[in-house]
Amino acid sequence: MDDTPGCGCASQVGAIDRRAVLKGATALAALAGGTRAFAAMIEEAPNLALVATPSASWSSTRAKLTHLNSGFEPKLSSSDTSGAFNFVPKTDTQWIQYDWSKPISTDRTDIFWLENPWGIERPIRYEVQYWDGAAFVPVRNPRGLGLDKDRYNTTRFDAVTTTKIRIVMVGNGKNSPGILQWKVYNRGPVPAFAPAVAAGVDRTLVLGGRTYMNGKAKWLAKQPGDAVRWSQVSGPGTVVFEDPAALRTAATVSTPGDYVLELAGIGAGGVSKSVVQLRVEEGPPSERLDVVYTTPYAITSPFWTQRAKALIVNWIPHCIDYCQRTDLKDGVGGLDNFIESAKALRGEPHGPHRGFVFSNAWVHQTVEAMCIALMVDPQGDAEIAAAQAHMRDALARWIPIILAAQHPDGYLQTAYTLADRKEWPDRWSPEHRGDHEGYVSGYFIESAINHYTLTGGQDRRLYDAAKRLADCWVANIGPGKKAWYDGHQEMEQALVRFGRFVNDMEGKGRGDAYIALARFLLESRRGGSEYDQSHLPPREQYEAVGHAVRAVYFYSGMADIAAETGDRDYQSAVMSLWDNMVNRKYYVTGGVGSGDTSEGFGDDYGLRNDSYCESCSSCGLIFFQYKLNIAYRDAKYADLYEETMYNALLGATDLEGRNFTYTNPLLGSARYAWHNCPCCVGNIPRTLLMMPTWAYAKDKDSLFVNLFVGSRINVGEIAGTQVEMVQETDYPWNGKVALTVNPQKAGRFAVHVRVPDRQTSQLYAASPQIRGLNYLKINGKTVVPRIERGYAVLDREWKKGDRVEFELPMAVQRLASADRVAATRGKVALRYGPLVYNVELADQPDLGRALSAGALTPEWRPSLLGGVMAIAGQWGDGSPMLAVPNYARMNRAGPSNEFPTRDPDYKDSAVWMATA
């Protein structure tokens with residue numbers, strides 16, 4: 001219960017005596033004119049907030065309470081890159097509070113207000129309260145209570161002795177209050193508190209590497225004898241700290257297993273302790289798997305034929321059209337920027353750059369999406385064939401335009417080319433780190449790979465241009481050259497992807513320089529903020545933080561370098577980040593990014609249902625999980641990217657492929673034709689249609705089957721012969737799958753078939769549990785294969801026409817989240833195969849009822865949403881319940897707008913339901 005009395009802010013603020021203020025001001029002026037002792041006294045008063053425990057009247061994971069007393073020294077009210085606390089979405093009266101373990105005395109507090117254009121604004125007034133032993137009461141004679149921006153606002157008052165201090169704020173009813181720092185100063189003798197210590201983030205260590213300890217300790221007033229000490233509490237082996245008396249140090253471990261490491265802070269007031277959980281694992285195999293590049297292929301399964309057709313016939317042509325338009329009211333900046341840049345490079349009159357500095361991105365993504373779509377066999381479908389003809393015409397027009405905008409040395413970024421040199425004089429300058437030079441260049445490089453595979457290397461225009469661009473970066477950035485990192489990651493994973501591709505196409509290590517540059521770009525990230533993951537060197541990052549798209553692109557690039565170099569510290573960081581994200585910050589739909597920070601990750605277990613889950617973050621997460629799959633040869637990573645693909649990403653476009661959504665909350669969400677920031681529009685189809693790459697991986701004598709999609713795909717050379725794989729299946733509606741293995745000549749190799757494990761995250765428990773295979777046959781004979789890292793291994797002599805048949809168990813599962821996830825505590829979600837389900841108002845009048853404990857039945861509904869397996873059951877009141885796949889959500893909510901509007905909370909659709 002809130003024990004705050006009625007807020008008397010208005011009377012307190014209004015009752016300040018003008019003569020008292022003038023008298024106080026005169027006295028302060030006299031002191032300031034000739035006495036340094038007063039300033040010294042102010043400076044020397046310890047900030048009691050450092051050892052306080054913060055709390056608030058309302059808190060989501062949008063911002064950590066610990067930011068209130070982190071010790072960060074802000075300069076501007078808009079600068080929250082090091083963290084801040086806010087009350088979004090609350091706009092009424094709220095409070096923040098500090099508690100101490102023993103009484104403190106104070107007569108002064110400082111507040112640095114947060115304010116930005118995204119719903120954070122200073123309150124209209126506030127007051128300071130303290131706990132008098134029975135209730136919170138206002139301090140007496142407050143002077144100050146300022147609301148200024150870009151400075152600390154000091155409030156002085158008659159001294160109080162207490163264990164609790166509050167700030168009670170009255171919001172303006174429109175925007176939410178926010179605070180960057182709140183200090184409370186000691187008065188009189190400094191109390192003896194034990195230091196406040198934090199050992200850091202739980203993490204994983206790959207045996208043979210080092211784990212980096214970044215502890216924190218705060219004393220009120222540092223005294224001789226104050227110290228810190230790292231130690232091992234438990235674990236099966238020995239932990240060696242390089243310097244156990246340093247907050248920042250590193251440790252090595254002798255044996256795999258689970259450990260507890262402790263940081264003790266020692267002070268005059270006692271000893272404080274904090275622990276870190278450390279899991280030590282063996283490293284991945286010494287050799288990663290090889291990429292199966294996307295080359296011309298055919299889709300035959302009904303499910304994916306339908307989804308691919310919507311993308312090819314409607315969505316990609318729509319992206320082409322909008323990238324070519326010059327009359328858009330928002331989301332501008334497409335092909336026109338390349339046209340104007342070419343004029344500038346020729347010395348001709350030209351127009352300015354239009355749209356965001358990164359607007360090249362959706363042009364490059366759309367080029368790559370067109371290239372991949374053109375590799376899909378139309379199999380006589382006239383609509384697909386017509387759309388592909390349109391794409392060929394578009395590529396014929398677009399490629400010369402894009403290449404004409406490339407500088408002679410290979411550089412390509414139209415925002416720079418068209419910029420005023422007084423405002424943007426140099427490439428790769430720190431003050432322009434946020435201008436996405438690497439972000440857009442990375443997308444261009446990636447588009448060149450699939451253009452090369454589309455043409456079988458016969459048209460090398462984009463490939464050669466991408467090499468010139470990459471060579472330009474190599475020539476200018478690196479050891480002994482320019483140090484650089486981009487504000488938005490993408491170039492890192494693009495350089496590795498391209499470097500591998502160049503090595504595979506040309507050999508002789510000709511792509512190695514690109515991979516080396518990718519590592520340099522990663523290593524250069526330091527001294528910045530959590531927002532773009534530049535707060536720590538890559539090998540010292542163990543928690544998924546900041547902007548979610550930047551993060552997953554970054555972690556994907558780190559996973560690449562870990563696989564390419566075998567660096568144990570990189571491997572340790574990657575596995576720590578993966579574990580933190582998947583087991584603490586991961587949605588049941590396979591999406592990431594709660595939106596509690598700017599388009600990003602919140603606290604552990606902070607998974608509100610009105611999530612952000614940006615479509616681009618799902619694309620990046622698929623890449624990240626895929627990189628781990630080829631590094632570890634472990635099916636669990638394919639389980640995860642299948643989950644993200646079928647849910648968080650597949651529903652980003654509507655069923656017809658005419659509208660999309662930037663965000664994918666677990667509640668109803670509108671789709672629209674375009675966005676003011678259309679960064680996802682080409683990313684969605686280029687990712688979903690890259691099916692051969694996601695479906696298969698290989699090494700010299702093994703093939704790994706990761707996805708079950710009716711298809712005909714050439715997976716390249718295995719055991720010295722070209723191999724075609726044919727899949728027949730109605731998955732995800734049906735668990736039966738048939739694989740036909742067609743090597744050009746008979747040979748021995750292993751086929752590893754993924755055996756799905758739906759238990760993908762520790763955050764969610766399913767009932768009933770579903771694992772294994774119902775059966776597996778080779779050429780009609782039942783076999784019992786060995787299972788290795790989640791794969792059924794079939795090692796034998798294969799000849800053309802050999803057939804593998806198996807059945808995946810398919811049943812409706814009830815999902816419950818871990819109790820620590822407050823947003824879904826006591827609720828239930830439904831899943832069938834890889835598909836998570838929604839209930840919608842289109843099928844029942846009330847989604848607020850509890851789901852009964854009765855039977856749940858999968859029912860094929862051919863006329864519902866293009867044909868889906870629905871789940872039928874009952875609500876607790878006995879009325880019928882019907883659930884539909886999450887990817888098909890919100891397709892019956894009326895017409896879409898061209899651009900998103902500020903809508904109220906959607907209640908048309910939901911993943912989670914109450915339980916009876």
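Here is a walk through this structure, from how confident the model is to its helices, its inner spaces and a few unusual spots in the backbone.

Keep in mind that you are looking at a predicted model. The predictor's confidence score, pLDDT, averages 92 over the protein chain, and 94% of the residues score at least 70. The start of the chain is another story: over residues 1-42, pLDDT stays under 50. For that stretch the model has 34 contacts beyond four places in sequence.

Now let's look at a pair of helices. Two packed helices are described by the angle between their axes and the distance between the axes. Find helix α4, residues 302-324, and helix α6, residues 360-373. Their axes come within 10 Å and cross at roughly 150 degrees, and the crossing is left-handed. Which residues of α4 and α6 make the contact? From α4 you get I312, I316, C319, I320 and C323, while α6 brings W362, V363, T366, A369, M370 and A373. Sort this contact by class and you find 10 nonpolar residues, one polar residue and no charged ones.

Next, peek inside. Rolling a probe the size of a water molecule over the atoms shows where empty space is left. Across the whole structure, a search turns up six cavities of 30 Å³ or more. The largest cavity holds about 180 Å³ of space. What lines the largest cavity? Its lining is made of V291, Y293, T294, I449, N450, R497, R500, F623, Y626, K627, M690 and T693. The elements giving two or more residues to this lining are α9 (437-454), α11 (491-506) and α15 (615-632). Of these, α15 gives the most, with three residues. Unlike the helix contact, where no residue is charged, the lining of the largest cavity has three charged residues, along with six nonpolar and three polar ones.

Finally, follow the backbone itself to some details in the loops. Where is P732? You'll find P732 in the loop between β22 (721-729) and β23 (736-743). The peptide bond leading from Y731 to P732 is cis, with omega near 10 degrees. Further along the chain, S767 and P768 are also joined by a cis peptide bond, this time with omega at about -5 degrees. P768 belongs to the loop between β25 (764-767) and β26 (775-778).

One more stop is D150, in the loop between β5 (136-138) and β6 (152-170). D150 isn't a glycine, yet its phi is positive, at about 60 degrees.

Definitions and conventions:
Residues numbered from 1 in each chain as written. Predicted model: local features only at pLDDT ≥ 70, side-chain atom pairs only at ≥ 80, totals over all residues. Heavy atoms only, no water. Axes fitted to C-alpha atoms, helices over the stretch in contact; angles between N-to-C directions. Helix = DSSP H or I, 4+ residues; strand = E, 2+ residues; numbered from the N terminus. Left-handed = near helix turned anticlockwise from the far one by under 90°. Contact = heavy atoms within 4.5 Å. Nonpolar A, V, L, I, M, F, W, Y, C, P; charged D, E, K, R; others polar. 1 Å grid on protein atoms, 1.4 Å probe; cavity = no way out; pocket = protein on both sides within 12 Å on 5 of 7 lines; lining within 4 Å. Points joined across faces, edges and corners; volume = space filled by probe spheres on them. pLDDT = per-residue confidence, 0-100.
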